[in-house]
Amino acid sequence: MPLRCYLRRDLGATGIEMAGSLTVLGLESSCDDTAAACVRLDGSAPAQILSSCVFGQTSLHADFGGIVPEIAARAHAEKLDICVKQALIEADLTLDDIDAVAVTSGPGLIGGVMSGVMCAKGIAVARGLPLIGVNHLAGHALTPRLTDAVAYPYLMLLVSGGHCQLLLVRGVDHFTRMGGTIDDAPGEAFDKSARLLGLPQPGGPSVEKEAAGGDAERFSFPRPLLDRPDCDMSFSGLKTALLRARDQIVGDKGGLTRQDRADLCAGFQAAVADVLAEKTRRALAAAATMLSAAPLLAVAGGVAANRTIRTGLETVSAEFGVDFVAPPLALCTDNAAMIAYAGAELFKTGHRDDMTLSARPRWPLDRTSPSMLGSGKKGAKA
């Protein structure tokens with residue numbers, strides 16, 4: 001019989017103590033990756049990723065130049081049960097060995113998020129398991145604790161296709177936004193720039209590969225918002241600058257050479273890296289004032305795989321004399337291990353959800369700061 005967890009309920013509403021092990025099944029379906037994973041916490045020992053299964057959808061969206069929400073939602077519905085089964089097999093577990101089910105319940109493409117939430121509800125009801133809804137962004141933000149047992153507080157640069165935020169992570173549900181993008185996220189800008197240059201999707205890896213043979217100094221691309229003292233960012237204008245540079249070359253030459261494209265990619269990538277490095281530098285300085293010392297710097301999200309961007313962040317951390325943590329690529333991009341771990345941390349605090357858990361297309365981590373991207377009927381965007 002597996003060693004289950006139990007809760008001591010004599011510690012008050014905020015004092016819940018876990019003994020033994022806690023094994024959580026996590027589900028992630030917020031964008032175009034269907035994922036399931038099993039993660040175990042055992043006392044004070046480092047978290048164990050028992051399995052992590054991810055089914056990507058790149059081939060399904062390749063002909064459309066981007067993610068088609070309806071196609072993504074249908075693919076999630078078709079793959080979630082298969083993914084859960086595979087994750088259990090890889091972990092050598094059955095549902096009898098699971099203590100709780102954690103699922104991304106937002107933010108994300110609503111059809112995909114709904115697919116995951118409904119699957120998790122079905123498992124929870126059928127097996128009598130606790131259900132925990134997890135903010136997808138919190139999963140990324142807590143990944144350094146999963147991979148490196150990082151202590152609170154720390155500064156997290158969350159940089160991906162849909163998000164870009166500098167977060168001071170103080171606890172499992174305590175995030176202070178230091179800054180973020182006021183328009184496009186870097187990953188979105190990379191994808192759009194790749195399309196402008198005729199490169200395949202996803203744009204980040206394509207642009208980075210092309211930039212390896214380019215001259216980053218040839219084009220004078222702007223570094224948006226560096227003239228402002230805060231930690232906010234903008235990448236939409238940088239993408240427009242790339243478009244104008246491309247059109248100028250095409251007008252002069254009648255087309256782009258391979259070297260032209262490489263130079264454009266290198267210049268664009270360097271500009272993004274410079275902005276991220278400088279804004280992170282400012283966020284670290286602000287955090288040092290708030291905490292009396294600069295915290296550890298961590299990065300997560302798909303764009304964290306970019307070597308030029310990562311090198312810039314390593315330089316910034318060295319300037320402040322703080323450690324730098326970048327989880328493995330498989331845990332920087334969307335995955336369910338981070339959701340299972342975040343769910344386990346929430347479980348330890350006593351958090352539970354019920355069958356009223358709903359899918360949320362918008363769900364800011366910092367609920368006290370004003371929205372950066374505006375609000376609508378469904379709440380603040382970020």
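Select Val-24 and Ala-100 to start: Ala-100, in strand E6, is the bridge partner of Val-24. Keep in mind that you are looking at a predicted model. Now widen the selection to strand E3 (21-28) and strand E6 (100-106). Four bridges join E3 to E6, and the two strands run parallel.

Next, add strand E7 (131-135). E7 pairs with E6, again in the parallel sense, over five bridges. To see one matched pair, click on Thr-104 and look across to Val-134 in E7, which stands opposite. How many of the residues of E6 are buried? Seven of its seven are, so E6 is mostly covered.

**Helix H3**

Now select residues 110-127, which make up helix H3. H3 has 18 residues, and from its first C-alpha to its last it reaches 26 Å, close to the 26 Å expected at 1.5 Å a residue. Color its buried residues, among them Val-113, Val-117, Ala-120 and Ile-123. A helpful rule here is that an α-helix has 3.6 residues a turn, so residues three or four places apart point the same way. What covers the buried residues of H3? The cover includes E3, helix H2 (69-91), E6 and E7. Step past the end of H3 and you come to Gly-128, whose phi is positive, near 65°.

**A five-stranded sheet**

Move on to the open sheet with the strand order E10-E9-E8-E11-E12 and mixed pairing. Its edge strands are E10 (174-180) and E12 (324-325), and each of them pairs on one side only. Then pick out strand E8 (residues 154-159) and strand E11 (residues 296-300), which run parallel and are joined by five bridges. Within this pairing, find Met-156: its bridge partner in E11 is Ala-298.

Keep the sheet on screen and add helix H9, which lies across E8, E9, E10 and E11. H9 runs at about 25° to E9, the strand at residues 164-171.

**Two packed helices**

With H9 (residues 258-291) still selected, show helix H6 (residues 186-196). Two packed helices are described by the angle between their axes and the distance between the axes. For H6 and H9 the angle is about 170°, and the axes are 11 Å apart. Why are H6 and H9 called roughly antiparallel? Angles over 145 degrees count as roughly antiparallel, and so these two helices fit that description.

Show the side chains where they meet: Pro-186, Ala-189, Phe-190 and Ser-193 come from H6, while Phe-268, Gln-269, Val-272 and Leu-276 come from H9. Six residues of this contact are nonpolar, two are polar and none is charged.

**Arg-310 in helix H10**

Select Arg-310, found in helix H10 (residues 307-320). Is Arg-310 buried or exposed? Its relative accessible area is 15%, and because buried means under 20%, Arg-310 is buried. Beyond its neighbours within four places in sequence, Arg-310 is in contact with Ala-304, Ala-305, Phe-324, Ala-326, Pro-327 and Cys-332.

**Last stop: helix H12**

Finish with residues 337-348, the twelve residues of helix H12. They should span 16 Å at 1.5 Å a residue, and the end C-alpha atoms are 17 Å apart, which agrees. Eleven of the twelve residues are buried, so H12 is largely enclosed by the rest of the structure. Among the buried ones are Met-338, Tyr-341, Glu-345 and Phe-347. Just after H12, click on Gly-350, which takes a positive phi of about 100°.

Methods
Residues are numbered from 1 along each chain as its sequence is written. This is a predicted model: local features need pLDDT of at least 70, side-chain atom pairs count only at pLDDT 80 or more; totals for chains, interfaces and linings use all residues. Side-chain values use heavy atoms; hydrogens and water are left out. Buried means under 20% relative accessible area, exposed over 50%, partly exposed in between (1.4 Å probe, protein chains only). Contact means heavy atoms within 4.5 Å. Axes are lines fitted to C-alpha atoms, for helices over the stretch in contact, and angles run from 0 to 180 degrees between N-to-C directions. Angles under 35 degrees count as roughly parallel, over 145 as roughly antiparallel, 65 to 115 as roughly perpendicular and the rest as oblique. Ala, Val, Leu, Ile, Met, Phe, Trp, Tyr, Cys and Pro count as nonpolar, Asp, Glu, Lys and Arg as charged, and the others, Gly among them, as polar. The expected span of a helix is 1.5 Å times one less than its number of residues. Two strands pair if DSSP finds at least two bridges between them.
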